[in-house]
Amino acid sequence: MEPELEALARRLNASLGPERIITDAVRLRTYECDGLTNHRCTPALVVLPDTAEQVAAVVRECAAAGVPYVARGSGTGLSGGALPRADGVLIVTSRMRRILEIDVPGQRAVVEPGVINLDVTRAARPYGYYFAPDPSSQQICSVGGNVAENSGGAHCLKYGFTAHHVLACEVVTPDGELVELSADGPGYDLLGVFVGAEGTLGITTKITVRLTRVPETVQTLLAAFGSIEAGGTAVSAIIGAGVVPAAIEMMDALSIEAAEAAVRCEYPPGAGAC
Ligand SMILES: Cc1cc2nc3c(=O)[nH]c(=O)nc-3n(C[C@H](O)[C@H](O)[C@H](O)COP(=O)(O)OP(=O)(O)OC[C@H]3O[C@@H](n4cnc5c(N)ncnc54)[C@H](O)[C@@H]3O)c2cc1C
């Protein structure tokens with residue numbers, strides 16, 4: 001390790017405690033890539049803070065030492081956003097997993113960035129609410145990662161992407177200051193700029209999200225078409241008739257074959273766009 005990184009590791013070790021610092025070469029390899037596994041790079045140092053103040057302290061130390069850093073949530077991103085640098089620090093938010101508030105009258109929840117997407121819905125469900133943005137990785141991805149990637153999912157056709165469900169973020173800026181970005185604030189829409197910036201503008205340490213009322217009834221339909229064009233035309237006709245499906249998924253012939261081979265879904269014979 002470079003001398004300035006060794007000195008940084010010693011300072012972080014002293015201020016945060018050894019249980020929040022990883023320097024062991026074998027353990028560091030856990031963090032060498034995200035879901036884009038063809039790009040790999042072992043970080044010099046991994047830090048696992050528990051609080052916003054600790055995140056800010058790490059960022060301030062990195063800024064003072066001129067050491068680059070990258071934020072990471074659950075590491076499921078498919079764009080390489082959490083790919084570490086060999087000469088840098090990876091700041092992992094996975095221990096920041098507290099749901100701080102479920103505000104039913106306000107239809108919002110306040111969560112730490114490492115909270116798993118589906119856990120927001122699990123916490124809100126008893127009150128008749130859920131968190132609508134639902135990437136297929138929702139059982140494992142973090143809300144902080146969702147914010148940074150402006151993630152979407154099957155429900156986003158009707159309900160919009162993560163950007164439409166984030167009301168405020170507490171953010172550690174690159175010089176280590178804690179600031180609040182809010183959709184309600186005056187001036188420029190800095191929250192809008194922050195959501196989807198892949199962590200390049202700061203690390204979010206607290207997120208206020210909108211909760212959506214669980215629909216009174218849900219009807220699920222399966223329709224088979226002979227071509228992608230025919231399926232697409234049907235979707236346009238449904239939406240054109242004023243019915244916006246809560247969620248929509250399309251499978252082509254290869255996907256249908258793969259699903260049949262794997263779990264025998266028993267789709268209608270002849271289904272399969274080519
Ligand atoms: C099987 C699978 C299915 C998927 N399905 C979908 C899908 O349907 N729709 C979709 O949009 N995506 C999907 N993804 C991609 C991925 O799950 C999402 O982008 C998810 O939001 C990433 O969250 P994460 O916690 O894993 O973030 P990470 O991968 O850890 O990080 C992603 C980005 O966020 C930044 N980041 C993480 N935490 C913070 C923070 N606290 N502050 C600032 N920046 C931060 C990182 O620096 C990085 O740039 C899928 C991935 C997999 C593996």
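Okay, so E8 and E10 run antiparallel, and six bridges join them. Before I go on, keep in mind that this is a predicted model. One pair to look for there is Cys169, whose bridge partner in E10 is Ile207. On to the next neighbour: E8 is also joined to E9, again antiparallel, by five bridges. If you want a landmark, Val171 has Val179 in E9 as its bridge partner. E8 and E9 make a hairpin with five residues between the strands, and Gly176 there takes a positive phi near 90°.

So is E8, residues 166-172, enclosed or in the open? Five of its seven residues are buried, so the strand is largely enclosed by the rest of the structure.

Let's zoom out to the sheet around that strand. Five strands form an open sheet, in the order E5-E6-E10-E8-E9, and the pairing is antiparallel. The edge strands are E5, at 99-103, and E9, at 178-182, and each of them pairs on one side only. From one strand to the next, the twist averages 15°. Now the other side of E10: strand E6, residues 108-111, is joined to E10, residues 203-210, by four bridges, and those two run antiparallel. Here Arg108 stands opposite Arg210 in E10, so to speak, arginine facing arginine. There's a helix on this sheet too: H4, residues 117-124, lies across E5, E6 and E10, running at about 45° to E5.

Right, second sheet. This one has four strands, in the order E1-E2-E4-E3, and it's an open sheet with mixed pairing. E1 and E3 stand at the edges with a single partner strand each, so one side of each has no neighbour in the sheet. In the middle of that order, E2 and E4, the latter at residues 89-92, pair in the parallel sense over three bridges. Val46 is the one to click on, since it stands opposite Leu90 in E4. Helix H3 packs on this sheet and touches E2, E3 and E4, with a direction that makes about 170° with that of E4.

That takes us to helix H1, residues 3-16. It has 14 residues and reaches 20 Å from its first C-alpha to its last, close to the 20 Å expected at 1.5 Å a residue. Which residues of H1 are buried? Those are Leu8, Ala9 and Leu12. Look down the axis of H1 and the buried residues fall within an arc of 100°, so they line one face of the helix. The general background is that an α-helix has 3.6 residues a turn, so residues three or four places apart point the same way. Over on the other side of H1, Pro3, Arg10 and Ala14 are exposed. And what covers the buried residues? That includes strand E1 at 21-22, strand E2 at 45-47 and helix H3 at 52-65. After H1 comes Gly17, with a positive phi near 95°.

Compare that with H8, residues 228-240. Its 13 residues should span 18 Å at 1.5 Å a residue, and its end C-alpha atoms are 18 Å apart, which agrees. But the number of buried residues in H8 is zero, so the helix lies largely in the open. Gly242 follows H8, and its phi is positive, near 95°.

Now the bit you've probably been waiting for, the ligand. There are 32 residues around it, and the ones that come nearest are Gly73, Gly77, Gly81, Gly145 and Gly199. Which elements give two or more residues to that shell? They are strand E3 at 69-72, helix H5 at 143-149, and E10. H5 gives the most, with five residues. So E10 turns up twice in this talk: in the five-strand sheet and in the shell around the ligand.

One loop before I finish. Thr30 is found between helix H2, at 25-28, and E2. It's exposed, with 12 other C-beta atoms within 10 Å. Thr30 and Pro43 are 13 residues apart in sequence and 9.8 Å apart in space, going C-alpha to C-alpha.

And the overall numbers. The protein chain has nine helices and 11 strands, and its C-alpha trace spans about 65 × 45 × 35 Å along the principal axes. Of its 274 residues, 35% count as buried. Finally, take the contacts between residues at least 6 apart in sequence: 61% of them join residues at least 24 apart.

Methods
Residues are numbered from 1 along each chain as its sequence is written. This is a predicted model: local features need pLDDT of at least 70, side-chain atom pairs count only at pLDDT 80 or more; totals for chains, interfaces and linings use all residues. Two strands pair if DSSP finds at least two bridges between them. Axes are lines fitted to C-alpha atoms, for helices over the stretch in contact, and angles run from 0 to 180 degrees between N-to-C directions. Two residues are in contact if their C-beta atoms, placed from the backbone, lie within 7 Å. The expected span of a helix is 1.5 Å times one less than its number of residues. A residue is buried if 20 or more other C-beta atoms lie within 10 Å of its own, exposed if 12 or fewer, and partly exposed in between; C-beta atoms are placed from the backbone. The arc is that of the directions from the helix axis to the C-beta atoms. A residue is near a molecule or strand if its C-beta atom, placed from the backbone, lies within 6 Å of it.
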